[in-house]
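Here is a set of short exercises to work through with the structure open beside you. Try each task yourself before reading the solution.

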Amino acid sequence: MDVDTRLLRYFAAVAAEGNLTRAAARLYVSQPALTKQIRQLENLLGVELFVRSRAGMALTAAGEALAGRVPALLAEWDLAVRQTRQAAGRAARTLRVGFLASAANEATPQIIAEFARRQPGWRVDMRQASWGDPTGGLAAGEVDIALLRLPFPGQDLLRVRELFSEPRWVALAAAHPLAGRESIDFADLLDEPFVAAPAETGAWRDFWLAVDERAGRAPRIGAVTDQPDAWLSAIANGYGIALAPESAARFYARPGIAYRPLTGVPASRVGVVWKTESDTDPVVRAFVECCTELCCGTD
């Protein structure tokens, strides 16, 4: 019997959450679609995996047995996919580099040029990820290495070399009453609605909402986006403000949006990130060295 790994991932999410609504949000699918997929898996296996009730989704004995096996199965499959993609990249002499937004800012072209000089015949394939994946595709094995904003969920399980930091500013509609100030203190923003990343991004979202600087006050969320264009539109349309690295004022300048320096919050940090299994990969090491030599000391 062949089973789509997607069905197993859906099953694992429902088993972990014990609730269809939360699992659907975690998977970015609708609840009816998730219900249909779980039913499809049960029909394929010929067993009931969950007991449904108003309290949630409880695993049956059969469900418990499957739940004990699925994480290892998916981990082994993910490893096989990563190694297959990596082998293809090596054959094509291509290093896949994931990034979010502006990557390493103005240093990015210099890094790529220096890498090409050190690794003749190799090229860098830059792959931009949505803010819904703060690992830039690294966790899913879609890239070999990534240039990321720190911190992000799962960071402790990866190799991270911090490259530089830059101040956080605030982006707000040009017509916003605070846009006329030369500088804004974060305390003046506590009651403002914010444009936020998806909740599933955890610590990454919290950092850009400055949760640690709110003294326990929950942020107001005016909009949720995972792409720069949608983020810019939400701010320009007045749905909320957002914290951003200083470089956003250069990379994401747009009519209708003002960027202002911000006080009262720590700086944003950028790092180059790779998996432990790539420690001995000379191509990955060469890219890390280029990043370190060209970026460190630029903050």
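The exercises below go from the whole chain to single residues, and the model they use is a predicted one.

**Exercise 1. Get your bearings**

Find how many helices and strands the protein chain has, and what share of its residues is buried.

*Solution.*
- Step 1: Count the elements, and you should arrive at nine helices and 13 strands.
- Step 2: For the extent, the C-alpha trace spans about 65 × 50 × 30 Å along its principal axes.
- Step 3: For burial, 45% of the 299 residues count as buried.
- Step 4: Now take the contacts with a separation of 6 or more: residues 24 or more positions apart account for 74% of them.

**Exercise 2. Order the strands of a sheet**

Work out the strand order of the open sheet of five strands, and decide which strands stand at the edges.

*Solution.*
- Step 1: Going across the sheet, the order is 4-3-5-13-6, and the pairing is mixed.
- Step 2: Strand 4 (123-128) and strand 6 (159-166) each have a single partner strand, so these two are the edges, and one side of each has no neighbour in the sheet.
- Step 3: From one strand to the next, the twist averages 25°.
- Step 4: Look at one pairing in detail: strand 5 (residues 145-150) and strand 13 (residues 268-274) run antiparallel and are joined by six bridges. Within this pair, leucine 148 is opposite glycine 271 of strand 13.
- Step 5: Add the helices. Helix 5 (residues 107-118) packs on the sheet and touches strand 3 (94-99) and strand 4, with its direction at about 150° to that of strand 4. Helix 9 (residues 282-295) lies across strand 3, strand 4, strand 5, strand 6 and strand 13, and runs at about 20° to strand 6.

**Exercise 3. Spot a hairpin**

Describe how strand 1 is joined to strand 2.

*Solution.*
- Step 1: A hairpin makes the connection, through two residues.
- Step 2: Strand 1 (residues 50-53) and strand 2 (residues 56-59) are antiparallel, with four bridges between them.
- Step 3: To check the register, find phenylalanine 50, which stands opposite leucine 59 in strand 2.

**Exercise 4. Classify a helix crossing**

Are helix 2 and helix 3 roughly parallel or roughly perpendicular?

*Solution.*
- Step 1: The axes of helix 2 (residues 20-27) and helix 3 (residues 31-45) come within 9 Å and cross at roughly 100°.
- Step 2: Angles of 65 to 115 degrees count as roughly perpendicular, and the two helices are therefore roughly perpendicular to each other.
- Step 3: Helix 2 contributes Leu20, Thr21, Ala23, Ala24 and Leu27 to the contact, while helix 3 contributes Gln31, Leu34 and Thr35.

**Exercise 5. Sort out the aromatic rings**

What kind of pair do phenylalanine 186 and phenylalanine 194 form, and what lies over the face of phenylalanine 194?

*Solution.*
- Step 1: The structure holds seven aromatic pairs. In this one the ring centres are 6.5 Å apart and the planes stand at 65°, so the pair is edge-to-face.
- Step 2: Phenylalanine 186 is buried at 2% relative accessibility, and phenylalanine 194 is buried at 0%.
- Step 3: Arginine 214 lies over the face of phenylalanine 194, 4.8 Å from the ring centre.
- Step 4: Move on to phenylalanine 207 and tryptophan 208, an edge-to-face pair with 5.2 Å between centres and 90° between planes. Both of these residues are buried.
- Step 5: Ring pairs link Trp131, Trp204, Phe207, Trp208 and Trp231 into a cluster. The charged end of arginine 168 sits over the ring of tryptophan 208, 5.8 Å from its centre.

**Exercise 6. Look into the loops**

Which peptide bond is cis, going from leucine 150 to which residue?

*Solution.*
- Step 1: The bond leads from leucine 150 to proline 151, and its omega is near 0°. Proline 151 is in the loop between strand 5 and strand 6.
- Step 2: Next, check phi at asparagine 105, in the loop between strand 3 and helix 5. Its phi is near 60°, a positive value in a residue other than glycine, and asparagine 105 is buried at 8% relative accessibility.
- Step 3: Alanine 210 also has a positive phi, about 55°. This alanine is in the loop between helix 6 (203-208) and strand 10 (220-224), and it is buried, with a relative accessible area of 1%.

Methods:
Residues numbered from 1 in each chain as written. Predicted model: local features only at pLDDT ≥ 70, side-chain atom pairs only at ≥ 80, totals over all residues. Heavy atoms only, no water. Pairing = 2+ DSSP bridges. Axes fitted to C-alpha atoms, helices over the stretch in contact; angles between N-to-C directions. Contact = heavy atoms within 4.5 Å. Phe/Tyr/Trp six-rings, centres within 6.5 Å; stacked < 30°, edge-to-face > 60°. Buried < 20%, exposed > 50% of the residue type's maximum accessible area, 1.4 Å probe, protein only. Lys NZ or Arg CZ within 6 Å of the ring centre and 35° of its normal. Parallel < 35°, antiparallel > 145°, perpendicular 65-115°, else oblique.
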